[in-house]
Each structure stands twice: as structure tokens, then as C-alpha cells.
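Trainee: Could we walk through this one together, a step at a time? I would like to reason from the coordinates rather than just read off a list.

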There are 2 protein chains.
Amino acid sequence: MAATIYQVADLAGVSIATVSRVLRGTAPVAVQTRQRVLLAVDELGYRPSQPARSLAEGRHAANGIVFPDLSGPYYAEVVLGYESVAAELGSSVLILSTHGRTKEIPDLVVDLASRVDGLVLLGRTVDDGLVAEIAADGTPVVTVARAPLPGIDALCTENRASARALATHLVDHGYCNAHFLGDVDSSFDAHERWQGMNEAFADLGCPLPLQVPCPYDEEHGRMAATELLGWANRPDALVCANDEIALGALLAAEAAGLRVPDDVALTGWDDVMAARYSRPGLTTVRQPMRRLGALAARRLHERVTGERPDVAHEVLPTRLVIRASCGGHPEPDEQEE
Amino acid sequence: MAATIYQVADLAGVSIATVSRVLRGTAPVAVQTRQRVLLAVDELGYRPSQPARSLAEGRHAANGIVFPDLSGPYYAEVVLGYESVAAELGSSVLILSTHGRTKEIPDLVVDLASRVDGLVLLGRTVDDGLVAEIAADGTPVVTVARAPLPGIDALCTENRASARALATHLVDHGYCNAHFLGDVDSSFDAHERWQGMNEAFADLGCPLPLQVPCPYDEEHGRMAATELLGWANRPDALVCANDEIALGALLAAEAAGLRVPDDVALTGWDDVMAARYSRPGLTTVRQPMRRLGALAARRLHERVTGERPDVAHEVLPTRLVIRASCGGHPEPDEQEE
DNA sequence: TTGTAAGCGTTATCAT
DNA sequence: ATGATAACGCTTACAA
């Protein structure tokens, strides 16, 4: 069913070399010959075999991206931004979600690496050793939202300063007994956010916040918050590592009969859609997720083509979005762009 | 940097055939030989070249999925479900978002087809002619959320009955002058939903709903609703093709000083996270998006392997989720599973 | 159990 | 301007 270059050559009465030349425009071909070839191509519905091409050219014309999950808008947006630029640059995009599976990840990633010219790694999907190994094997790598590794391109969003700003805002509005919900140990972003919050609270003379481990979803946020808000000395604010946790905490507060933000303030991260629609609206930090993905694709491409020899570590700015869930402003709501 | 099978064979003192056999377990190899080979593999950090393998095997061990966009949870969830099963079945996953670009789509899709064993097509990303052409070229295709094409596997979610149920519920609660927001012409799902609503309204003796074209995002929903709600004879309910449109309409209603659901009822589709958090909560129809993607991967795999010769057209069930935005129940809210 | 060698479908280098 | 032909790195009969 799939025609080969030989059949095209036969039908056009030329050699396969000429067919290749016509198709790739790599060398001059007589107009009439050219016509005949194109006709034959059309006639047979010929499409070059990509594996054969990759083998001969020594490149895949494809890049890969590895992420933990696609639920929640965060990774979906990053992947989308990545795909859009990669396509524009002529690369196909292979995706790999590490999802639940932990044991098979190394194999899956290594397999992926054998199919692409370069790899974007989101978060802590792959451990440091493996990243180094893949890079050493000759596959260019760009990490995103992960502690930068020496010798490897890295992209992050600003965390520390936003967290400080957020914490300062809370303290300014009377919330001094806050805790942090999120998994500081397994996420670079969360760690940085917690550090920033810590610093601000220390500077302002507030009690040191507790760090409460919590997976990044609504349900775990709800459960963790239910626990925390039941304490005798319950916190007056919860700074959450992402919006899902915060919205889960909102449910917990409601269930406990607590008013937000009067009894407890709540903040998230990412500015997902639900953060705008919840009542009260959720104070959060917006990240340029699409741009993060797009930039990763660019940086990777520069590396694959070799047009940028030096390693780049970049940090993209974020923006604090104050809404009603953290008190202070009565209805500050949107300062939309 | 990348070792070949020849180097491994040399180092192990065997032929490349033996190396291949050891690696693929395709034929018995003496234990010692096997050891020597594995040692050499490890020593050299050898990874088989995927293009070479594909070329020799005549298959890609990869599937592709084409979707319009990844913003909004709908497609992201479908893709996630797809990826998870595809990975499990040993296929890499290539993604292609048609995004804004319309002109280049045919080329991009054809290129994609040359890199995969099979293709899943979401919505109307590719027109009928091209789908037929690709399938005719020998690439198995499964369509999702699209009018089933003859001879091609198709997966859909139930639309008509849910729309009837939704419409009936509205009428039961006194809303009879409703309109439909969504693009009936460019989306199979929207068309079906509108038809279902139409039928129910006709059966119940209500005036025929208008169909108002509207892109599937918040902002367009807001604008369209602003217009509609400004009419002298304004509708008392808006049935929206998805939640984003409906939530945009909610903003429009608020801005117009209208109370939901007292002055106007609102319903969406998909049950995105924000639909649960908005006030009032949004009545909507939940779809099994993850399962849709997962099933598409299964069906595609069956086709690629040839283990299912007959064409399958399947319809997955949906569930009506009644919340406060459509009146009736004071706070029916969750009937969570 | 192991080796030899013929593809797989391109690209690209030589000649001509 | 065009045609042979040698890679590219692997799988897999076919022999031994």
C-alpha cells in the first residue's frame, strides 16, 4: 500500500537519487524530469518513510516532553506551549506521562530518548542520575520547574519573591499564624515557595510556619486542611502550593463552619480557572505556563541544532493575584491584564 | 557517542545477530554468550536505534493523536487517558495540536501519519476527505467526538438523550424560553446537543430555541450572553455547549444585574472544576473523558495489531449533574459518585 | 547455539 | 543534470 521511492523512480523513468532531489530540492533537476517525478509521486500517493529518512539523516525531527500528569491545567498548558513551538520549528512531539508508574520510568524515558533529538523534562519526573546519563549519552535536555542541574539547560518560574510578597501581604492583613500545604521534598517549586514564605515570616517576626506535606490535588488539600483547621491552635491562614490544594482547603473550611477570609485566609498558586469562580475568589500567583513550554521548545531547539553552545538557566516572572480569600481588600478581585 | 550493534558484537566477540537475539529474547542463546553480550551492552551504554529498528520491523511502535487544543480540561483529559493506555500497550505517543493553524493541517497530519502505526483524531480537526485518504493509505484511524465515518472506528459520548433530559429539567422548572450557545456547524457534539434540546422543547410545546454560534471559551460565552441577555424578549435560560461558555455567560448575567437562576438559568457541559466552585454551582453534563481517550487507544491498538477486523462505533454514557444554576432544587449540588 | 547475509527505504557521495 | 551505489543500524530468514 505504501509506495517506495523505487516505485516512484520506476514510474517516472529516473533513478531514486533524482526522486530524492526533486522532493528535497537539494540539487537542480531539469524541469521536465521534475514534472514527471512529481506526477509519479502524485499518482502513487507516495510518502517518504520517516524511519528510513531518520536512519539516513541521523536525526529524528522529533522532540519529547516528560511530565507527571496532565490533569490540572498546569502541565497541560506547558505541554501546549511546547507543542506549538516545536511544530513551528518542524519537530514532531512525543509525550510521556510518568503518571502513577514509578518503577518503569527509567526504561520509558530511555526508550523515549532513543526516538528524539532532544528532551524536555518537567518537574521531578526523572531523577538527577538519569538526567545526567541521558545528557551524557548525547541527547540534549532542558529541564523545567526543577532544581537546575550543572551543565543542563533549565527553566523555572520565579517562586521565592512571589512567596515573600504573598506572605508579607498576609501579615500586613493580620494573618501571622500561617502554615504551608504542599510537598516541599518532592517539588522544587514548592520548596522555593515555602522558603520564601519562611523568610518573610521570619523577617516580620511571626512564628515559623509549619510545612505540611500534601499531594497536589483537591481531595488531599481538603483532607490536610480539615486536619489542620481542627487543631486547638489552628492556623489563621493556609498558603497552598497550588490552587487545587487551596480549593480543597476552601471546602474543608466551609465544612468546618469557618468563614474565609475572616476566620482563615487561603492562597494558592497557578491561577486556574476555578480560582476566579470560587467564592471567595482565590488569591494566587499566576505563572506564564504557556510561555514556559514555548521557551523550553526554543531552548531545546537551539541545543539540538547546536546554535547555542552555552548552558542557560532562566527564571520567568510570575504575578501575584490578590482576591478575596486572603482578606484585606474587600473585593479587590481582578487586576486583569 | 551512540554505540551501534556492531561495536557491541565486536566487544562481545559475537555476531550482530546474536546481540540482537540476546536483546530481544527472540531465540535461545548460550548463557555465557548472553552474559558477554550484556556486559558489552552495559560497557558501551548501547541503546538500539529506534529508526533502524522501525525500518527493519516495518512498524513504528508509536501512535499519534490529533486535537484542536489543550486548553480547557476536555482535550487534556482525553489525551491523558489515551497516553496512559498507549504507554501500557507499548506505543509511544505523538501529539499534534491543530491550534490556530488551519492551512498547514493536512501536511502536518500526513507527516504525522508517516511516523505512526495508527492515529486518533479528536473532533473536527481533520476534514472527512483527508481522514478517508489517510485510512485508505493504510494507517488505522479512530475518530473521537466526531460524526462517525463509514468504515472507520468511531467513539462518541452520548449527547442527545442528556440534552433532552437537561431541557426537560429546565422546562419542568419553568424555563421555556431558552437558547443554545455553541457552534452547531463546526462541532458534532454541539450539533447533537442542540438537536436533543430542540426535540425536547418541541415535545413539550415550548418555543423553538435559537442556536447562537459561539466559540468554546469563556470570553466568547460572555460576549454572546451579554448580547442575548440585553434583548427585549430575553431568554430565561441559556443552554451552553460547554462549561467555559456557560461560565462566561454567568459573568455576563452578573454584569447585567441578573440573578442566576431566578432571572436566567444557565447550563454547561463537561463538568470542569470551575463548574463546581462557581456560585451558583453550574448544572452540567459530565463526560468520561479519560475513558474516552483510554478506549480510543485500545480500539486503535486492536486495529493496528489486526485483532479486530470489524469496524466499531461506540457511544459512551454521560451523566447529568444538577446544580443551582438551573433553579428547581434549592441547593441540589453534589450527587458525587 | 551461532554466523552470514539480505533486506528495510532513505540520503548523499561519487562518477558520468 | 542524472545514475550507481555505499552508507545508516537494525531484524530475520537461512545456513552451518
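Mentor: Gladly! One term first: domain bounds are taken from an automatic or database domain assignment. Please also keep in mind that this is a predicted model.

Trainee: Thanks! Which residue ranges does the domain assignment of chain A give?

Mentor: Domain 1 of chain A and domain 2 of chain A have C-alpha centres 35 Å apart. In the assignment, domain 1 of chain A covers 5-57, while domain 2 is written in two pieces, 62-157 + 289-306. Domain 3 of chain A is written in two pieces as well, namely 160-286 + 320-326.

Trainee: Which residues are closest to DNA strand D?

Mentor: There are 27 residues around DNA strand D. Elements giving two or more residues to that surface are α2 (16-24) and α4 (50-57) of chain A, along with α2 and α4 (50-57) of chain B. By class, the surface holds 16 nonpolar, seven polar and four charged residues. The closest residues are A17(A), P28(A), A30(A), I5(B) and A56(B).

Trainee: And how many nonpolar, polar and charged residues does the surface near DNA strand C have?

Mentor: Of the 27 residues around DNA strand C, the nearest are I5(A), A56(A), A17(B), A30(B) and T33(B). The elements with two or more residues there are α2 and α4 of chain A and α2 and α4 of chain B. By class, the count is 17 nonpolar, seven polar and three charged.

Trainee: Let me look at helix α2 of chain B. Why are its buried residues on the same side of α2(B)?

Mentor: The buried residues of α2(B) are T18(B), V19(B) and V22(B). They sit on the same side because, around the axis, they cover an arc of only 100°.

Trainee: Which residues are exposed on the other side of α2(B)?

Mentor: The buried residues of α2(B) pack against α1 (5-12) and α3 (31-44) of chain B. Just past the helix, G25(B) has a positive phi of about 60°. On the other side of α2(B), the exposed residues are A17(B) and R24(B).

Trainee: Now the contact between the two chains. Which element gives the largest share of the side of chain B that touches chain A?

Mentor: The contact takes 41 residues from chain B and 41 residues from chain A. On the chain B side, the elements that each supply at least two residues are α4, α5 (73-88), β2 (92-97), α6 (105-113) and α12 (273-277). That side divides into 22 nonpolar, 13 polar and six charged residues. The largest share, seven residues, is given by α5(B).

Trainee: Which residue stands opposite V93(A) in β2(B)?

Mentor: β2 (residues 92-97) of chain A pairs with β2(B) in the antiparallel sense, over three bridges. Across that pairing, the partner of V93(A) is I95(B).

Trainee: Over how many bridges do β5(A) and β11 of chain A pair?

Mentor: β5 (residues 153-157) of chain A is mostly covered, with five of its five residues buried. On one flank, β4 (residues 141-144) of chain A pairs with β5(A) in the parallel sense over three bridges. With β11 (residues 313-316), where L155(A) stands opposite E314(A), the pairing is parallel and the number of bridges is four.

Trainee: Which strands stand at the edges, each with a single partner strand, in the β7-β6-β8-β9 sheet of chain A?

Mentor: This is an open sheet of four strands with parallel pairing. In it, β6 (residues 178-181) and β8 (residues 237-240) of chain A are joined by four bridges. Two strands have a single partner each, so one side of each is left without a neighbour in the sheet: β7 (211-212) and β9 (265-267).

Trainee: Last one, on backbone geometry. Is A145(B) buried or exposed?

Mentor: A145(B) is not a glycine, yet its phi is positive, near 55°. The residue lies in the loop between β4 (141-144) and β5 (153-157) of chain B. The cut-off for a buried residue is 20 or more other C-beta atoms within 10 Å. A145(B) has 25 such neighbours, so the residue counts as buried.

Note on methods
Residues are numbered from 1 along each chain as its sequence is written. Chains are lettered from A and ligands numbered from 1 in the order in which they are written. This is a predicted model: local features need pLDDT of at least 70, side-chain atom pairs count only at pLDDT 80 or more; totals for chains, interfaces and linings use all residues. A residue is buried if 20 or more other C-beta atoms lie within 10 Å of its own, exposed if 12 or fewer, and partly exposed in between; C-beta atoms are placed from the backbone. The arc is that of the directions from the helix axis to the C-beta atoms. Two residues are in contact if their C-beta atoms, placed from the backbone, lie within 7 Å. A residue is near a molecule or strand if its C-beta atom, placed from the backbone, lies within 6 Å of it. Ala, Val, Leu, Ile, Met, Phe, Trp, Tyr, Cys and Pro count as nonpolar, Asp, Glu, Lys and Arg as charged, and the others, Gly among them, as polar. Two strands pair if DSSP finds at least two bridges between them.
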